[in-house]
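Dear colleague,

Please find below the structure that I am handing over to you. A summary of what was found in it follows.

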Amino acid sequence: MSGAALGLEIVFVFFLALFLLHRYGDFRKQHRLVIIATLLAWYLCFLIVFILPLDVSTTIYNRCKLAVNSSPAESNGSYVTLAPSKQKCFKPWSYIPNGIMPIFWRVVYWTSQFLTWILLPFMQSYARSGGFSITGKIKTALIENAIYYGTYLLIFGAFLIYVAVNPNFNLQWNQLQTIGIAAANTWGLFLLVLLLGYGLVEIPRSHWNGAKRGYLLMKTYFKAAKLMTEKADAEENLEDIMEEVRKVSESIKYNHPLRKCVDTILKKCPTEYQERMGRNMDDYEDFDERQNSYPSEKSLVKLHKQVIYSVQRHRRTQVQWQILLEQAFYLEDVAKNETSATRQFVHTFHSQEPENKIIQYFYTPTVEWYWECLLRPWFYRVLAVVLATFSVIVVWSECTFFSTKPVLSLFAVFIQLAEKTYNYIYIEMACFLTIFFLSICVYSTVFRIRVFNYYYLASHHQTDAYSLLFSGMLFCRLTPPLCLNFLGLTHMDATISHKNTQPTAYTSIMGSMRVLSFIADGFYIYYPMLVVILCIATYFSLGTRCLNLLGFQQFMGDSEMTSDLIDEGKELIRREKRKRQRQEEGENRRREWKERYGNRDDSTRNRAVHTDQKESSFTETNANRPLSKYTRSNGRTERDRIELLQDAEPLDFNADSVNDDPLESDSGRYQPGGRYLSMSRSKIFDDV
């Protein structure tokens with residue numbers, strides 16, 4: 001089994017990262033480099049979390065083996081004996097041979113740092129650029145990141161000059177490397193505590209509120225009202241952008257040098273807008289550089305960027321609206337079925353997607369009723385209590401992990417008890433549950449936060465490239481300090497335990513923080529205590545109340561604005577429900593009509609075809625005979641066509657463009673009176 005556990009976890013974590021990326025990203029529409037870079041960043045961060053417990057168990061075994069092989073008389077003081085010399089050490093089932101873990105951690109860590117500080121910021125600017133060529137996008141990305149990279153180079157250069165001038169410092173390359181790692185971990189720890197303080201409270205509370213049906217339904221109504229506002233804003237923004245694209249497309253003709261750029265912009269537009277603008281184009285007209293003023297390439301780059309953003313936002317709001325409708329309908333069905341006497345779950349609408357037959361066989365309406373109406377609320381309450389217990393243990397350990405005599409950190413107590421009996425399975429499970437809970441609290445906050453419309457991770461393949469790359473940057477910056485914090489909570493870090501023992505392979509890669517004593521003995525120990533203040537602020541929803549006062553509507557039960565939005569969302573859901581019911585009723589009537597009269601219509605159609613074949617000669621000889629008696633429907637259709645032609649208004653051949661939609665633009669509006677007499681003055685034959 002040597003190394004087998006490491007290989008299995010490497011494969012499992014890869015498919016886990018691939019699954020999550022498929023849920024949030026879109027493999028078919030997004031650039032392959034964006035997908036690969038984001039997948040690599042997520043994969044490396046998840047891999048660190050899953051492999052670190054194996055490193056802990058391997059380190060404990062190596063300490064035991066060292067203590068057994070070295071007697072007290074032969075001990076040179078480099079390591080402290082952790083077990084009696086006669087104690088026999090058992091090799092863990094997941095033991096990793098010496099020399100593998102240091103190389104593994106070195107490759108994983110420096111690759112993630114290269115991604116987060118160099119490659120991903122560059123790719124963010126590249127993906128957000130509106131350039132029409134690879135060279136143009138690279139140039140834009142370099143210009144945008146010049147300040148970003150220049151700031152770090154300036155700080156690093158000033159630090160090197162200070163070290164070179166000051167005679168008290170005699171730093172070597174390893175110490176400079178450790179200082180760089182400490183600076184990156186300090187920045188990550190600062191953000192880590194903020195996200196951890198929010199997740200430790202919000203995750204148990206969200207599961208506890210998940211057991212309240214009324215709460216979930218009211219929050220869904222609130223989300224519906226906010227999403228409808230965002231959806232209308234996205235549609236209005238898209239209409240404005242498409243109007244600008246239409247004007248540019250009409251002004252730049254087919255033989256203009258910038259026409260290729262316009263065609264690239266048109267390909268990014270929705271299909272209905274492409275067809276509408278394609279009908280209004282007059283490609284036979286040549287452009288006149290002297291008479292008309294044309295947009296520059298810089299303005300087209302800006303327009304291209306706006307089109308990409310507006311189309312992505314419009315598509316995302318449309319998909320989210322449909323998902324929210326399904327969620328609201330389902331919660332309303334749960335509220336109705338709670339009082340059902342038959343104890344069978346009845347859906348108002350059938351699922352639009354085909355369900356798996358295996359799931360339908362086991363997940364029957366009766367099983368669904370017992371799960372949704374009886375078991376699920378209690379399951380969420382028990383899970384919330386368990387998560388709250390973990391949160392309390394984490395907060396206590398964060399405030400007391402610096403104490404070594406006595407050991408007050410509960411995670412350190414659990415690991416040391418298991419270390420005495422060398423129960424490696426228990427050690428690995430305890431380490432995995434601890435770091436997994438910490439990572440869930442941090443990573444779930446990354447998935448939940450939203451910075452206006454610039455950073456937003458939306459599920460169901462609706463996340464844009466910029467947000468995916470930004471999430472990869474955050475994960476790569478948060479994971480190393482998260483792992484160091486975990487090792488400090490379990491006293492596996494020699495900087496915290498103050499023991500001269502063999503360090504873990506991960507800690508050896510990070511280097512000794514004794515080079516910067518004010519960080520090792522000050523910031524790393526006392527700053528995590530701020531998680532208590534952040535947990536209290538999150539429990540009383542201080543951040544939500546501040547955002548609500550600033551005008552950002554947040555869900556608060558005691559707010560009048562929240563009540564108004566709930567009522568508005570409830571009316572929107574009721575309106576969409578009536579619309580869905582009318583559609584299903586119409587489909588059912590058509591289905592019943594087809595089932596009842598479908599065979600009769602087929603036989604009548606076959607009989608009519610046979611009769612037409614027999615009477616074809618008769619109709620040919622009597623073609624001049626009036627047929628109004630037999631063709632009333634055809635005569636009515638003909639009269640309708642005549643009336644439509646009589647009501648049609650004459651076309652304006654002097655207009656700049658002909659538009660099928662009279663409300664779309666001013667140039668396509670109807671000009672009263674017609675202009676048939678002005679055709680001779682309009683130089684209509686100039687293009688012949």
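**Confidence and core packing**

Over residues 639-688 the pLDDT (the predictor's confidence in each residue, from 0 to 100) remains under 50, and the model has 33 contacts (heavy atoms within 4.5 Å) for this stretch beyond four places in sequence. This is a predicted model, in which local features need pLDDT of at least 70, side-chain atom pairs count only at pLDDT 80 or more, and totals for chains, interfaces and linings use all residues. Residues are numbered from 1 along each chain as its sequence is written, and side-chain values use heavy atoms, with hydrogens and water left out.

The chain has a mean pLDDT of 80, with 78% of its residues at 70 or more. Residues 73-86 have pLDDT below 50, and that stretch has 19 contacts beyond near neighbours in sequence.

The largest nonpolar core (buried Ala, Val, Leu, Ile, Met, Phe, Trp, Tyr and Cys residues joined through side-chain atoms within 4.5 Å; buried means under 20% relative accessible area, with a 1.4 Å probe and protein chains only) has 96 residues, of which Trp42, Trp105, Leu200 and Tyr506 touch the most other members. Helix H2 (residues 32-69), a DSSP run of H or I with at least four residues, numbered from the N terminus, gives the most to this core, with 21 residues. Apart from this core lies another, of 19 residues, including Leu238 and Tyr294.

Beyond four places in sequence, Trp105 is in contact with Ile48, Ile51, Leu52, Asp55, Ala505, Tyr506 and Ile509. Where H2 meets H3, the H2 residues include Leu44 and Ile48, and those of H3 include Phe104 and Trp105.

Yours faithfully

Technical notes. Buried means under 20% relative accessible area, exposed over 50%, partly exposed in between (1.4 Å probe, protein chains only). Helices (H or I, at least four residues) and strands (E, at least two) are DSSP runs, numbered from the N terminus.
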